[in-house]
Every structure is written in C-alpha cells, then in structure tokens.
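This report walks through one protein chain, residue by residue and element by element. Please keep the sequence and the 3D view at hand while reading.

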Amino acid sequence: MCSAEFSELKGTPYWNARCSQDTVDAVVEHVTHGNSFVTTGHLVGCHRTTVARIVGVAGTHARHLHDLNARDLKVTSIQADERYGFVGRKKEAVWDATVIDPSSKFLIQGKIGERTAALTHSLLMHARARLTDPHGLVLFTDGFLSYQTLFPEVFGRPYRPARQGSRGRFPKTAYRIPRSAAHVRIIKEYSGKRVVNVRTEIAAGTQVRVNEELQRLGYHNPNTSAVERQNATARRMNPHLARKSLAFARLRIHRESLAHLVQGIYNWCRVQRGLRRQLDVPKGRQLYLQRTPAMTIGLTNHVWKVRDWLSQPQGVSCRA
C-alpha cells in the first residue's frame, strides 16, 4: 500500500473539512455577505471556530487561485486606495490597500498592514507583476505621498546616469517615466471630518496622456471613483471592515484569509449591474448579459457559482 489519499476534492476547501460541502458553501456565502463568524455559526448551525477554520482554508485557496489566474492583465489604468480597520482591538489599526482596474472593476491586488511606504511598495510591485504592460498605464491615487515617491521606481524605466569623470562611485540607478505612463493624485482637503475641497495634481507624465485615459474611461475629471465604490462594497461584504462594530478580526490571519476570500468572490462570483452588456439578440425576456469583473477583463466567459469556484483544485487555471 502506498498510503496515499486520492479524491476529487483534494486541493479544495472541501478536502478534510469535517463537514458537508453544503455547510462550507453556506459559511462562505454568509461570511461574504457581511455576517460575523458568530452570526454565521448561528445561521449555519456550527461553532464560530468551525467558521474561522473554513474561512482560513477557503481564503488560502482563494489566494492561490488569484495568483494563478490574475496575470498578464491588459489594463491601461489602475486606481489605488486604502481602507481603515482594526485587528485584535480598536487601538491596533490595520489598513487594507487595494489596486483595481476602473474599467472592469477587477481587483488586481490587495495587501494588509500598516499604512507605510513598505505597504505601498509591496502593493504596487505585486500589482505590476500581474500586468502585461506596466509602462503603459495611468495610476490614480489619493494624496498619500508614498505613491508619488514610488511611482517612478515601480512603473518607470531604469537607467544608469553617466559618471562625472573617471573616479568615484557610479551614480545610483535613476528612473525615466515613459510617455505612455502617468500618475494623477486626487487630494482631498478637510475641515475637521468634512471634505471642503478636492484638487488634482499630475505628479508624473503628461496632461495629454491623462486626457487620453479620461476619455477612454468616460470621465470628465480625474477621480478614484471605482476604488472608492469598491471600498464601500468591501465593507458590506467583509464583517471585519464594518464601521462601528465589534465584529473586527481578533487574529490577523482571520483578517487576511477573509480579505482573500472576499476578493475572489467579488471578482468571479458576483455580477455587477454597471458591467452588464446589452445583447445583440435578446434571449426571450433577457436583454442584458450580466457580467462579473473577471468576465469583463477577459479571464472567463461565465459567472462562476461558489461551489464550482471552490471546487477548482489548486494549480488548475480558471481562465477561459
């Protein structure tokens, strides 16, 4: 006997789950609709620790699927922002940083940590690795200075400046911004907790390139509307991000696992009204094709059900 285990469920959250597939599906559905672990346990009929265990396994599965499928993405602009939240207790702030494609609403990358330059660098570098052409896009961000500092290094072209004379050290590597790239900052000015003014600033690139991208997106003015809307959606889907709530994550691993799970469900399993496309030939009473962000960006040709998406083994692509 080889002592090996064989099952069609191996490599999925259903493997050794110690509960039925229906229970796993129900936990994922309830948790990604904004219910806390305790509430989900009451609704499904299991303990909150079981909910946490299922979310942990499903979140890891979602991260692997995203790493496998979210690559070679053809985008011409991205928006980046951070969401404020907590882990452990209200005094321990943790930020969810997100990069989204405003055209397809596809979540390209997410990172969790303290709001520092290190978090911004990791977020942008991982997002860059998923793009087909990282030198041909416009980045829209808020006024956080780390984006402006890191944009040339992440999305520029490196070159070695000439050394003055024949002695001494060579100059450090510098970065040149391509004509096809630009960075726009949308800076909000506050009076207390109220926004009193919003101004835009082109931190890198040209006005011509920015205007070209605004026309393609159908925007009149530079903005971060796509990522701001996704922030609100994430707070409704993820109980750890709910404002004025005691449902925040007690452990960081739970926060990260649920963030990956929400990202996967959002990209592959939830249709968005703003992404629907009118059919050339109506199918009975159906006039529109409902689409998910993954369909819009071209990774798949159908809406994935939660059961089918969770049943996808690790290492097997979901791309059409």
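Threonine 116 has a relative accessibility of 33%, and because a residue must fall under 20% to be buried and go over 50% to be exposed, threonine 116 counts as partly exposed. The model in which this value was computed is a predicted one. Along the chain, threonine 116 sits in the loop that runs between strand E3 (107-113) and helix H4 (117-129). When the neighbours within four places in sequence are left aside, threonine 116 is in contact with Phe144 and Ser146. The second of these partners shows how the chain brings separated positions together, for threonine 116 and serine 146 are 30 residues apart in sequence, while their C-alpha atoms are 7.7 Å apart in space.

Strand E3 also contains glycine 113. With a relative accessible area of 7%, glycine 113 is buried, and its contacts, again leaving aside neighbours within four places in sequence, are with Val94, Trp95, Leu119 and Arg252.

A further residue to look at is isoleucine 187, which has its place in strand E7 (residues 182-191). Is isoleucine 187 buried or exposed? Its relative accessibility is 11%, so isoleucine 187 counts as buried. Leaving aside neighbours within four places in sequence, isoleucine 187 is in contact with Gly143, Asn197, Val198, Arg199 and Glu201.

Arginine 273, in strand E9 (residues 272-283), gives the opposite case, since its relative accessible area of 62% makes it exposed.

The table below lists pairs of residues by their separation along the chain and by the distance between their C-alpha atoms.

| Pair | Separation in sequence | C-alpha to C-alpha distance |
|---|---|---|
| Glycine 113 and alanine 93 | 20 residues | 8.6 Å |
| Isoleucine 187 and phenylalanine 144 | 43 residues | 8.4 Å |
| Arginine 273 and arginine 291 | 18 residues | 7.9 Å |

The next topic is the helices and the loop that joins two of them. Serine 36 is placed in the loop between helix H1 (21-31) and helix H2 (37-44), and at 17% relative accessibility serine 36 counts as buried, because the cut-off for that class is under 20%. The side chain of serine 36 is joined to the side chain of threonine 39 by a polar contact of 3.0 Å. Not counting residues up to four places away in sequence, serine 36 touches Pro239 and Ala247.

Two packed helices are described by the angle between their axes and the distance between the axes. For H2 and H3, the axes come within 8 Å and cross at roughly 105°, and this angle makes H2 roughly perpendicular to H3. On the side of H2 the contact is made by Phe37, Val38, Thr40 and Gly41, and on the side of H3 by Arg48, Val51, Ala52 and Val55. Sorted by class, the residues in this contact of H2 with H3 are 5 nonpolar, 2 polar and 1 charged.

From these helices one can turn to the interior of the model. Which residues have the most contacts inside the largest nonpolar core? They are Leu73, Ile108, Phe155 and Trp309, in a core that has 68 residues. Helix H3 (residues 48-69) gives the most to this core, with 7 residues. Leucine 73 touches Phe106, Ile108, Arg130, Leu131, Thr132, Ile297 and Leu299, when residues up to four places away in sequence are not counted.

The last topic is the backbone. Most residues other than glycine have a negative phi, and most peptide bonds are trans. Against that background, arginine 18 deserves a look, as its phi is near 60°, a positive value in a residue other than glycine. Arginine 18 is found in the segment before H1, and at 66% relative accessibility arginine 18 counts as exposed. Lysine 105 likewise has a positive phi although it is a residue other than glycine, and the value here is near 65°. The place of lysine 105 is in the loop between strand E2 (89-100) and E3.

Note on methods. Residues numbered from 1 in each chain as written. Predicted model: local features only at pLDDT ≥ 70, side-chain atom pairs only at ≥ 80, totals over all residues. Heavy atoms only, no water. Helix = DSSP H or I, 4+ residues; strand = E, 2+ residues; numbered from the N terminus. Buried < 20%, exposed > 50% of the residue type's maximum accessible area, 1.4 Å probe, protein only. Polar contact = N/O pair within 3.5 Å; in protein donor to acceptor, adjacent residues only side chain to side chain. Contact = heavy atoms within 4.5 Å. Core = buried A, V, L, I, M, F, W, Y, C linked by side-chain atoms within 4.5 Å. Axes fitted to C-alpha atoms, helices over the stretch in contact; angles between N-to-C directions. Parallel < 35°, antiparallel > 145°, perpendicular 65-115°, else oblique. Nonpolar A, V, L, I, M, F, W, Y, C, P; charged D, E, K, R; others polar.
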